[in-house]
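Student: I would like to learn how to read a protein model feature by feature. Could you walk me through one?

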Amino acid sequence: RFTGKKSRNLLMDINEDDLWELKKMAEAEQIRSHVGGLFPFEQAGEAQALSESAHLRGKIVLQVLS
């Protein structure tokens, strides 16, 4: 379970300035998030089922195309 990887938790109140700061940090690769699944919005039900399973590692992303 412990593979020598380091992680840190980041807790903050959500506000616009903090979200812009997180965006900058992600673009600078100072923080990263593991994406466990990318689904089109039409498959949101399948994404929800995956999120409730014990087999998910990472975040689920719903893609909305306009």
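Tutor: Happy to; we will go from the overall layout to individual residues. Please keep in mind that this is a predicted model.

Student: Let's begin with the layout. How many helices and strands are there in the protein chain?

Tutor: The protein chain has 2 helices and 2 strands. Following the sequence, you meet them in the pattern α-β-α-β.

Student: What percentage of the residues counts as buried?

Tutor: Of the chain's 66 residues, 5% count as buried. The accessible surface comes to about 6,700 Å², and carbon and sulfur atoms make up 52% of that surface. For contacts, take the pairs with a separation of 6 or more: 21% of them join residues 24 or more positions apart.

Student: Now a single helix. How far does H1 reach from its first C-alpha to its last?

Tutor: Helix H1 covers residues 16-27. Its 12 residues reach 17 Å, close to the 16 Å expected at 1.5 Å a residue. The start of H1 is worth a look too: a side-chain oxygen of Asn15 comes to within 3.1 Å of the backbone nitrogen of Asp17.

Student: How should I look for salt bridges, and how many does a search of the whole structure find?

Tutor: The general idea is that side chains of opposite charge can pair when their charged atoms come close. Here the search of the whole structure finds 2 salt bridges. One joins the side chains of Glu21 and Lys24, at 3.8 Å from N to O. The other joins Glu27 and Lys23, at 2.6 Å from N to O.

Student: Why can residues three or four places apart in a helix point the same way?

Tutor: An α-helix has 3.6 residues a turn, so residues at that spacing point the same way. In this model, Glu21 and Lys24 are both in helix H1, 3 residues apart, which is about one turn of the helix. Glu27 and Lys23 are also in H1; because they are 4 residues apart, about one helical turn separates them.

Student: Are the four partners buried or exposed?

Tutor: Let's take them pair by pair. Glu21 is partly exposed at 39% relative accessibility, while Lys24 counts as exposed at 51%. In the other pair, Glu27 is exposed with a relative accessible area of 55%, and Lys23 is partly exposed at 38%. The value for Lys24 falls in the exposed class because that class begins over 50%.

Student: What about Met25 in the same helix: which residues is Met25 in contact with, leaving aside its neighbours within four places in sequence?

Tutor: With those neighbours set aside, Met25 is in contact with Gln30 and Ile31. Met25 itself is partly exposed, with a relative accessible area of 22%. That puts Met25 in the partly exposed class because buried means under 20%.

Student: Which residue takes a positive phi just after H1?

Tutor: That is Glu29, with a phi of about 55°. Glu29 has this positive value although it is not a glycine. Glu29 sits in the loop between H1 and S1 and counts as exposed, at 63% relative accessibility.

Student: Moving on to strand S1, is Phe39 buried or exposed?

Tutor: Phe39, which lies in strand S1, is buried, with a relative accessible area of 14%. Leaving aside neighbours within four places in sequence, Phe39 is in contact with Glu46, Ala47, Leu50, Ile60, Val61, Leu62 and Gln63. Sequence and space can be read together here: Phe39 and Ile60 are 21 residues apart in sequence and 7.7 Å apart in space, C-alpha to C-alpha.

Student: And on the surface, which residues form a nonpolar patch?

Tutor: Val35, Leu38 and Val61 form the patch, and together they have about 240 Å² of accessible area. Val35 belongs to strand S1, which covers residues 35-40, and is partly exposed with a relative accessible area of 46%. Val61 links back to the previous answer, being one of the residues in contact with Phe39.

Notes:
Residues are numbered from 1 along each chain as its sequence is written. This is a predicted model: local features need pLDDT of at least 70, side-chain atom pairs count only at pLDDT 80 or more; totals for chains, interfaces and linings use all residues. Side-chain values use heavy atoms; hydrogens and water are left out. Buried means under 20% relative accessible area, exposed over 50%, partly exposed in between (1.4 Å probe, protein chains only). Contact means heavy atoms within 4.5 Å. Accessible areas come from the Shrake-Rupley method with a 1.4 Å probe; for residues, only the protein chains shown count as cover. Patches are made of residues with over 30% relative accessible area and no salt bridge: like charges are joined within 9 Å, nonpolar side chains (Val, Leu, Ile, Met, Phe, Trp, Tyr) within 5 Å. A salt bridge is a side-chain nitrogen of Lys or Arg within 4 Å of a carboxyl oxygen of Asp or Glu. The expected span of a helix is 1.5 Å times one less than its number of residues. A polar contact is a pair of N or O atoms within 3.5 Å; within protein, one must be able to donate a hydrogen and the other to accept it, and residues adjacent in sequence count only if both atoms are side-chain atoms.
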